[in-house]
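Trainee: I'm new to this one, so could we go through it together? I'd like to ask how we know each thing we say about it.
Mentor: Sure, here it is.

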Amino acid sequence: MPKIVSARLIVTSPGRNFVTLKIECDDGTTGLGDATLNGREMAVASYLQDHVIPCLIGREAHRIEDIWQYLYKGAYWRRGPVTMTAIAAVDMALWDIKGKVAGLPVYQLLGGAAREGCLVYCHANGTSIEDTIATAIRHRDEGYSAIRLQCGVPGLASTYGVAKAGQRYEPADADLPSESVWSTEKYLRVVPELFAAAREALGWDVHLLHDVHHRLTPIEAARLGKDLEPYRPFWIEDATPAEDQEAFRLIRQHTTTPLAVGEIFNSIWDAKHLIENRLIDYIRATVVHAGGLTHLRQIASLADLYQVRTGCHGATDLSPVTMAAALHFGLSIPNFGIQEHMPHTDETDAVFPHHYRFEDGMMHPGDAPGLGVEIDEALAETYPYKRAYLPVNRLEDGTLWSW
Ligand SMILES: O=C(O)[C@@H](O)[C@@H](O)[C@H](O)[C@H](O)CO
Ligand SMILES: [Mg+2]
């Protein structure tokens, strides 16, 4: 059985920061895990370097569950985004190794394919409704059958999800947190107009999604859900800050618009109340921030009992290693819903050559043994780490608000 002989971190910044864990075994097999936590990358790097890697050396790489429990219970201080991202990186790398040793793609180790491919959604954003619709039409013509819509808010200089003119969308945009200004009233006026225009332009054969990004109170989220019902959204995401899981009951009482939440969740305990009370329809927890494939499977199994489906986070600050792992996961579980797909830049894809592919609105992880993604270390080295923070958000009166 392969034993772990070394593990190291590769921090690279091909346009944005990524932290990757590479584990090597005595038989030469290596595995990769994504350890990227946007805006707090070096916290995870230190947790792995200083507290996890020393405990891995000499362990049997195949004992994934035992190592997971060792890193979770053995830390004493359980859960949290830094800890669970670090555990996720180890977990992904060990599944990668197990697949390579078995000569099988990871989805075959997880029970095999439960579908032909994973339905994905992409992002259409624009400073105006017209720009957003034009982008959405372009993505539909590229083959996407699910599109997330985010547009600028008249009267606000910027808003979540909308790229600066002529640039790719990258929220971690400054050496210290940039500040944006928010107005719920102005926002609530424009989103129904956006969806009305989108249905007018795109018709009904495309799924339309929207990310509220934690910014509404429960009753405001209920109002948005009701206002959007005529346009049948696939979901509204992060409608209200989800530490307050019970708040979703109030939203539920007012609207049938499907609710998705969980990209910032890092364990099953963040989602248990929401799922067991059917307060949500999609759980967005993802491989890299929720403890890896081992833990995410537990979350998906709990969700399946309550007819909650997965809708994993898949933004560009999750590396191609997570994208690959998410597709193996999504292909294999019974209650897959949809997978977010924000294509990485060409420079990122060159650092992380991979086998996953997009075709006709769906993605497939490919059939290479393991996760099917590697890292070009020489190229990675040419992109040094550059500190970057996510923005902070304030109301027009200066109150610090959810970004
Ligand atoms: O649904 C999404 O993709 C967003 O919520 C993310 O882009 C999120 O803002 C970033 O991942 C934060 O790093
Ligand atoms: Mg989101």
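Trainee: What share of the contacts between residues at least 6 apart in sequence join residues at least 24 apart?
Mentor: That's 73% of them in this chain. Keep in mind that we're looking at a predicted model.

Trainee: What makes the chain as compact as a globular protein of that length?
Mentor: First, what it's built from: 13 helices and 16 strands. Its radius of gyration is 20 Å, and the globule rule gives 22 Å for 403 residues; the two values are close, so the chain counts as being as compact as a globular protein of that length. The C-alpha atoms fill a box of roughly 60 × 45 × 45 Å along the principal axes.

Trainee: How many of the residues are called buried, and why?
Mentor: A residue gets that label because its relative accessible area is under 20%. In this chain, 58% of the 403 residues make the cut.

Trainee: What supplies the area the chain exposes?
Mentor: Carbon and sulfur atoms supply 52% of about 15,900 Å².

Trainee: How do you know that the span of H10 is close to the expected one?
Mentor: H10 covers residues 292-305, which is 14 residues. At 1.5 Å a residue, 20 Å is expected, and the helix reaches 21 Å from its first C-alpha to its last.

Trainee: Which residues of H10 are buried?
Mentor: Among them are Leu293, His295, Leu296, Ile299 and Leu302. After the helix comes Gln307, with a positive phi near 60°.

Key. Residues are numbered from 1 along each chain as its sequence is written. Chains are lettered from A and ligands numbered from 1 in the order in which they are written. This is a predicted model: local features need pLDDT of at least 70, side-chain atom pairs count only at pLDDT 80 or more; totals for chains, interfaces and linings use all residues. Side-chain values use heavy atoms; hydrogens and water are left out. Helices (H or I, at least four residues) and strands (E, at least two) are DSSP runs, numbered from the N terminus. The radius of gyration is taken over C-alpha atoms; the globule rule is 2.2 Å times the number of residues to the power 0.38. Buried means under 20% relative accessible area, exposed over 50%, partly exposed in between (1.4 Å probe, protein chains only). Contact means heavy atoms within 4.5 Å. Accessible areas come from the Shrake-Rupley method with a 1.4 Å probe; for residues, only the protein chains shown count as cover. The expected span of a helix is 1.5 Å times one less than its number of residues.
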